[in-house]
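Look at the structure below and keep the sequence beside it. The paragraphs that follow move from a loop to a helix, and then to a pair of helices.

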Amino acid sequence: MLDNIRIVLISTSHTGNMGSAARAMKTMGLSELYLVNPESEPDGKATALAAGASDIVHSAKIVGSLDEAINDCGLVIGASARSRTHSWPMLEPRECGEKVFVESQKHPVALVFGRESSGLTNEELQQCNFHVHIPANPDYSALNLAMAVQVLCYEVRMAMLASAQAPQKQASELEYPLANEMEGFYQHLEQALKDTGFIVPQHPGTVLTKLRRLFNRARPEAQELNMLRGVLSSVQKAARK
């Protein structure tokens, strides 16, 4: 039931953390691990710290960018440990687990974790539909990578077990666009705003970041996204005239 859920680790610097994350995943029933541009490929240390979950480490998919890891996902949630200049739709871990499990019944879902030292960049977080924050002790919130993976995988498993007891909670009938379709829309939006002169390429400011936040918060359905792209094409056609 959890095969449609992937854990994505970005630029992991210590191979042991790959193994520890794999162990955290397997104890909760998850098996899909993606490694984005790791500093080193999994090695003996990763296998040792996997402690019986080496199959997940050895079958991990290694890709060169976050785009490659999430392009077929209908829901992407980024783990963020610090506040940002521009607030983003935020989930609590329990809510995150429920949303991930329910939507995984319809399309692939990704939980994205950043670098051990600095987490996710703002650009990477902008590729997520939601952020999730683990409310640890504010006086000592030093969760390491595998701990964070464990907490969120646990919440997914709790949602799965709750669903088994209350099976009436099913995935919504709404069809959401995949991550690569949303990226195509954002590129189209940027070009349309440049064509109409709303954005000056030399001084773009933060307009696109704020618009990403708006549309990620609104989360348009697939049909609505197609309509929006039609509107952009119409605006571009008028601008050319």
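Begin with Gly64, which sits in the loop between β3 (61–63) and α4 (66–70). The model is a predicted one. Setting aside neighbours within four places in sequence, Gly64 is in contact with Val36 and Asn37. Another residue to locate from here is Ser11: 53 residues separate Gly64 and Ser11 along the chain, and their C-alpha atoms are 9.5 Å apart.

Next, find helix α1, which covers residues 15–27. Its 13 residues reach 19 Å from the first C-alpha to the last, close to the 18 Å expected at 1.5 Å a residue. Which residues of α1 are buried? They are Thr15, Gly16, Asn17, Met18, Gly19, Ala21, Ala22, Ala24 and Met25. These buried residues pack against two strands, β1 (5–10) and β2 (32–36), and against the helices α2 (44–50), α3 (54–58) and α7 (145–165). Just after α1 comes Gly29, with a positive phi of about 90 degrees.

Now turn to helices α8 (residues 179–195) and α10. Their axes come within 10 Å and cross at roughly 20 degrees. An angle under 35 degrees counts as roughly parallel, and α8 and α10 are therefore roughly parallel to each other. The crossing of α8 past α10 is left-handed.

Which residues form the contact between α8 and α10? From α8 come Glu181, Met182, Gly184, Phe185, His188, Leu189, Gln191, Ala192 and Asp195. From α10 come Leu225, Leu228, Arg229, Leu232, Ser233, Gln236 and Ala239. Sorted by class, this contact has eight nonpolar, five polar and three charged residues. A general point about helices helps in reading such lists: an α-helix has 3.6 residues a turn, so residues three or four places apart point the same way.

Two residues of α10 can be looked at one by one. Gln236 lies in this helix, which spans residues 222–240. Is Gln236 buried or exposed? Its relative accessible area is 10%, and buried means under 20%, so Gln236 is buried. Not counting residues up to four places away in sequence, Gln236 touches His188, Gln191, Ala192 and Asp195. These four residues are among those that α8 brings to its contact with α10.

Arg240 is also found in α10. Its relative accessibility is 65%, and the cut-off for exposed is over 50%, so Arg240 counts as exposed. Arg240 and Thr196 are 44 residues apart in sequence, while the distance between them in space is 8.7 Å, C-alpha to C-alpha.

Notes. Residues numbered from 1 in each chain as written. Predicted model: local features only at pLDDT ≥ 70, side-chain atom pairs only at ≥ 80, totals over all residues. Heavy atoms only, no water. Buried < 20%, exposed > 50% of the residue type's maximum accessible area, 1.4 Å probe, protein only. Contact = heavy atoms within 4.5 Å. Axes fitted to C-alpha atoms, helices over the stretch in contact; angles between N-to-C directions. Parallel < 35°, antiparallel > 145°, perpendicular 65-115°, else oblique. Left-handed = near helix turned anticlockwise from the far one by under 90°. Nonpolar A, V, L, I, M, F, W, Y, C, P; charged D, E, K, R; others polar. Expected span 1.5 Å × (residues − 1).
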